[in-house]
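Reader: Could you take me on a close look at one part of this model, the place where the two chains meet? Once that is clear, I'd like to hear about the charged pairs elsewhere too.

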Amino acid sequence: MSFNEKLHQIQQQYLQSLPSTLQQINTLAQALLTPAPGTEQLKSLSHLLHKLSGAAGTFGLPALSTKAAELDQRLEAILLARPASGSSDHERLRLKSDLDALSEFVVPADLPERPESSFNPGKNGQTLIPEIWLLEDDVALGSALLTHLQAFNFKARLFTSFADLLRAYDKAKPEVLILDVLLGNEGRSTDCMLESKFLENSSSRVIFISAKDNFQTRLQAADLRADAFFVKPLDIPKLITRLEQVLERLHAPPERVLIIDDDELLVRYYQQLLTDAGMLVHVLNQPERIKETLEHDCPDIILMDLEMPGIDGQNLAAVIRQYDHWLGLPIIYLSAEHDPQRQLLALNQGADDFLIKPVTDEHLITAVKSKVVRSRQILDLMTKDSLTGLLKHAAIKEAVRREWGLAKRKGEAFCVAMLDIDHFKQVNDRFGHAIGDEVITSVATLLRKRLRGTDVLGRYGGEEFVVVMSRCDADTAAKVLDDFRQRFQELRFSAGAEQFSATISIGIAEYRPGTNIDAEALLVNADKAMYEAKKTGRNKLVLG
Amino acid sequence: MNELVRVMYVEDEPDIRAVAKLALEVVGGLTVELCEQGDRAVAQAENFGPQMILLDVMMPGMDGPSTLKALRERPLLQNIPVAFMTAKVQPHEIEHFKSLGAVGVIAKPFDPMTLSQQVRDLWKKTEVAS
């Protein structure tokens, strides 16, 4: 064996052990989510990072070496700053998220002659990349779908044969598979067997496209854990809306839990338990700071001890309920109280549930998760439009006011844009309201995809939308929204056998620091600019 | 001037050991003895008789600096040049390692193609000094 071959062999060994090292780092990094992470855990983490920085470069991964060294230094700074921390909360969480992204730096530098030998993240079946894979042997339909997916900013790959997809699946796993497969008796049975077997073991979400629409086929798709089922001819916008929903469920943010209890040991235990279950946990030691804590931590739920020295849990709950804003915040009492009468009394004082200590781990996790899901659903129902998931009229107006207050204080520019679908009445009249709704949903989905996560989106009225773009001047807003406008007109909608496209008119109003214009006036100006766009030909953008 | 032939490398990571051995033997033409932990280094060094010793700094159990100390306590090993292999190569860190009695520091991650040259350069410096 030559030197190069031997070197390559050792490199391969190292690359194979890398996923488990990165996994260990991720596991240890969980500690950074707690306000007072254990020193031992952080030291082990630092040790691993140090090793990684010292070794990765030797095996052709210099970017990983450099990043690991940088993260190790930041971690050491956090270790040094303790226990006088508190100010480092922000950096702690930032470091955590950077550590989570460490695998992105697994970029081979000097292995150009062996592209196949690069790091193989799919090996242990753990790492999912946010990608959509499409299996479609009808090339015309495949590329149409691919174009749409990419217009919506999805990272998508098209495969025309199952064998190709299988080969690629060895190296990486997409989050969602969209499969046009031959189900039931449609195709050769060996293919079907292979596909079912593959899907049983795959960790990706699945959406099926089928030429047939019968109960048998649908049942089979359900049996293969499909998240959605679409029949040809394919309604692409509908499929993309569904895809968004699937991804949203995958990416629900962690539950934010606030624990109020004086038993330190128990608190630490709950904190670890819930953190391990993927939640973000905060602890309140000083009940008198409840208002600041709620404002700062924005918990989804409160776990509160009923009997604490100096303060009664019931009274603290009652204080929380004095604020309108937190009327709907779920509160669960934890208590050793066994008297049912007193339990009921406590529930009457504004709490949602009552768990008797000792609580089993599973019970606690399930109680918290289910309560948070429900309360988020209710909150969404109150503030979000059911068709598009965007903020309702009142909520988006509130968002403009909030952004205005913030921009004024900070002396930053921001923009408000008004968007209106052109000739929307004609779409409704010609194709029916169901198709009209689809066009509206597509505006929402495309906005979400093309704009920044910090931009706030709302459905202002029937076919009218408002976008609030923070820290953004008019030119930048115009560039982003005009790109959106052009992409929107390229979308194809189908109504029966007929295909059509739609256009949009946009007006932008800018808030410049130092000016006297208020939130209300910004909305009026954006509206005026939008009407100017309508008057002067539609499908265009006007700066107010 | 003596030719450098025999080198011992103490390192806990198996992949790094393997690549260093390959680099020093094949590229550098050296005879290499590997050792996986600090507390075995003394016995192995007395046995092997290296002209130079390379020490990883961060190892579980006995780390690099403690291993250096243990080596220095043995009459046979007292004068053998030792270099640290580490990712900590800030000037003050290098100074610290030298103050412990190391002849120098080789930065990690190392390049397998040039490692033996770096080791030889350090070796020449000690030869000139003595």
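Author: Here is a walk through the interface, followed by some salt bridges and a few single residues. Keep in mind that this is a predicted model.

Let's start with the contact itself. On one side, 22 residues of chain B touch 20 residues of chain A. Putting the two chains together buries about 1700 Å², and carbon and sulfur atoms give 69% of that. In chain B, the residues that lose the most area to chain A are B:Asp15, B:Leu22 and B:Met58, which together make up 34% of what that side buries.

Now for the polar side of things. The rule finds three salt bridges across the interface of chain B and chain A, along with five residue pairs in polar contact, both partners at pLDDT 80 or more. As for which element does the most here, look at helix 1 (residues 14-27) of chain B: with eight residues, helix 1 gives the most to the side of chain B that touches chain A. That side of chain B divides into 13 nonpolar, two polar and seven charged residues.

One salt bridge to zoom in on joins the side chains of B:Asp12 and A:Lys51, at 2.6 Å from N to O. Both residues also belong to a network of salt bridges that links A:Lys51, B:Glu11, B:Asp12, B:Asp56 and B:Lys108.

Stepping back, the structure holds 37 salt bridges over all chains. Take A:Arg448 and A:Glu244, whose closest N and O atoms are 3.5 Å apart. A:Arg448 sits in helix 17 (residues 433-450) of chain A and A:Glu244 in helix 9 (residues 236-250) of chain A, so this pair ties together parts that are 204 residues apart in sequence. A:Arg448 is partly exposed at 30% relative accessible area, while A:Glu244 counts as buried at 9%.

Another pair in chain A is A:Asp420 with A:Lys534, a salt bridge of 2.8 Å from N to O. Here strand 13 (residues 414-421) of chain A holds A:Asp420 and helix 19 (residues 519-535) of chain A holds A:Lys534, so the bridge ties together parts 114 residues apart in sequence. A:Asp420 is buried, with a relative accessible area of 9%, and A:Lys534 is buried as well, at 14%.

For a salt bridge inside a single helix, try A:Glu398 and A:Arg401, whose side chains meet at 3.4 Å, N to O. The two lie three residues apart in helix 15 (residues 393-410) of chain A, about one turn of the helix. A:Glu398 is partly exposed at 36%, and A:Arg401 is partly exposed at 39%.

A lysine worth a look is A:Lys96, in helix 4 (residues 89-100) of chain A. At 8% relative accessibility, A:Lys96 counts as buried. Leaving aside residues up to four places away in sequence, A:Lys96 touches A:Ala29, A:Gln30, A:Leu32 and A:Leu33.

Over in chain B, B:Gln78 is in the loop between helix 3 (64-72) and strand 4 (82-86). B:Gln78 is partly exposed, at 40%, and touches B:Leu71 and B:Arg72, again not counting residues up to four places away in sequence.

Last, the cysteines: there are zero disulfides over all chains. Two cysteines to look up are A:Cys298, partly exposed at 46%, and B:Cys35, buried at 1%.

Key
Residues numbered from 1 in each chain as written. Chains lettered and ligands numbered in written order. Predicted model: local features only at pLDDT ≥ 70, side-chain atom pairs only at ≥ 80, totals over all residues. Heavy atoms only, no water. Helix = DSSP H or I, 4+ residues; strand = E, 2+ residues; numbered from the N terminus. Buried < 20%, exposed > 50% of the residue type's maximum accessible area, 1.4 Å probe, protein only. Contact = heavy atoms within 4.5 Å. Disulfide = S-S within 2.5 Å. Buried area = accessible area lost by both parts, 1.4 Å probe. Salt bridge = Lys/Arg side-chain N within 4 Å of Asp/Glu carboxyl O. Polar contact = N/O pair within 3.5 Å; in protein donor to acceptor, adjacent residues only side chain to side chain. Nonpolar A, V, L, I, M, F, W, Y, C, P; charged D, E, K, R; others polar.
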